[in-house]
Amino acid sequence: MTPKPPEAPVATDLPPAVCVCLQTLRRRADFLACARARKAATPGFILQGRDRGDGEAIVRVGFTASKKVGNAVARNRAKRRLRALAREILPGKGRPGWDYVLVARRDETARRPFAEMQRDLAKALEKVHRAADT
RNA sequence: GCGGAUGGCCGGAUGGCCGCGGGCGGCAACGCUCGAGGAAAGUCCGGACUCCACAAGGCAACGGUGCCGGGUAACGCCCGGCCGGGGCAACCCGAGGGAAAGCGCCACAGAGAACAGACCGCUCCGCAUGCCGGAGCAAGGGUGAAACGGUGGGGCAAGGGCCCACCGCGGAGCUGGCAACAGUUCCGGCACGGCAAGCCCCACCGGGAGCAAUGCCAAAUAGGGACCUCACAUGGGCGGCCUUGGCCCGAGGUCCGGGUCGGCAGCACGAGCGCGCGGGCAACCGUGCGCCCAGAGGCAUGGCCAUCGAAGGGGGCGACCCCGGAACAGAAUCCGGCUUACAGGCCAUCCGCGCGC
């Protein structure tokens, strides 16, 4: 057990004023469009992202956990961790007008320490954004 | 105490911070409240509910069920009983109607496997006394999953239901039981092998598709119909051709019907759950009181932390200490079952053995 300073809980360094206007992707076409765009792989998950270019400022996010991840329990748990991750990071680090998709990996998505997954997502976002800028 | 049988239950706990889905209140900020399972699983049976078809019923085909009685909305489920088999016992297992309607099959071995048959044999007779011929027999040996009744006695040349007793089998009666069936008496004569999970026969049951069912509301765009107004001017088309006349092809408006995206309903108050009482051996039924118990549509029930923590490891003579951290698994129209998966634990009843009193 790593003793953590109690005055530094994880969620308090969120930007307080950001409107949490995340929406979830609902259409297969949106998922496919993201899959064809920018990608960044991390040990716990794969990030896909693209600029919709429709002028809307909202950030949208989708989650994918295929049968390769495991049975229904494993898939649900993976998606829940990814959802929790997206809620904490994307309102601060995501770009307005973009869609993101987080793809779960077998075992690692459920097992990797959450703090590392948070760092992974921040780095992956930078990578995807940088690739889009050049 | 040890070993076993059956039935049932639980299957991580508490708290903090940040979140998610539904409901309620509020203009809002926000607050309150509820939020996975015994299997939510497999989708194997039975229903509810919808739409389609047919509506009385009968026959045929196909599929299913199959000891008896009860329970239930219903079932292939459950309860109680019967029969057969296993176990010292508690108890467990069994698709358990019909093979004296018919067809088919019964490998290998064996003489012979279904309206019997004679390999080794047994007995008698004959003589040419032999590895002979004739006649009788099916008890004994051997094969097999199964051998055309079994055991004992009489009888016989040797044998054989040939005769007798008992058992088995079949028929009739009586007694008990709602029944399956059991017990018993008399009679018969040995006539009747197994498989129905091969076909079949008999009895009973069964329309089809499914919540992405189905119903309602209904935008833009394109298109359909009715009416009104304008244009009815050029042009085109139609009635064989020409003239006159008519209709259609145009624009605008109103209305109607179908209908995609989308929205709403179905969609969670029910064959509901808990406790008590009554009936019943039980499954279950009746009744009183109390309760409201997930409801999404990219699919909520999560992330992090703290305290505690079963199994399992390791150390110690020991109290105890250290490591370790929870099985199978995640609702999608809803119920009743079945089946399958499941770390570990708890409770109740019963049986056998041992010890003590």
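This is a short tour of a predicted model, stop by stop.

**Whole chain**

Start with chain A in cartoon view. Chain A holds 4 helices and 5 strands. Trace the elements from the N terminus: the order is β-α-β-β-β-α-β-α-α.

Now show contacts. Take those in chain A between residues at least 6 apart in sequence: 80% of them join residues at least 24 apart.

Switch to a surface. Chain A exposes about 8400 Å², and carbon and sulfur atoms supply 52% of that area. Then colour by burial. Of the 134 residues in chain A, 37% are buried.

**Helix α2**

Select residues 72-93. This is helix α2, and Arg80 is found in it. Is Arg80 buried or exposed? Arg80 counts as exposed, because its relative accessibility is 53% and the cut-off for exposed is over 50%.

**The positive patch**

Keep Arg80 selected and add Arg77, Arg83 and Arg87. What do Arg77, Arg80, Arg83 and Arg87 form on the surface? Together they make a positive patch. Show their side chains as sticks to see this patch.

**Gly92 and Ala122**

Go next to Gly92, which also lies in helix α2. Its relative accessibility is 39%, so Gly92 counts as partly exposed. That class lies between the buried limit, under 20%, and the exposed limit, over 50%.

Finish by adding Ala122 to the selection. Gly92 and Ala122 are 30 residues apart along the chain. How far apart are their C-alpha atoms? Draw a distance line between the two: the separation is 9.6 Å.

Key. Residues numbered from 1 in each chain as written. Chains lettered and ligands numbered in written order. Predicted model: local features only at pLDDT ≥ 70, side-chain atom pairs only at ≥ 80, totals over all residues. Heavy atoms only, no water. Patch = residues over 30% accessible without salt bridge, like charges linked within 9 Å, V, L, I, M, F, W, Y side chains within 5 Å. Areas by Shrake-Rupley, 256 points an atom, 1.4 Å probe, with all protein chains shown as cover. Salt bridge = Lys/Arg side-chain N within 4 Å of Asp/Glu carboxyl O. Lys, Arg positive; Asp, Glu negative; His and termini not counted. Charge placed at Lys NZ, Arg CZ, Asp CG, Glu CD. Helix = DSSP H or I, 4+ residues; strand = E, 2+ residues; numbered from the N terminus. Buried < 20%, exposed > 50% of the residue type's maximum accessible area, 1.4 Å probe, protein only. Contact = heavy atoms within 4.5 Å.
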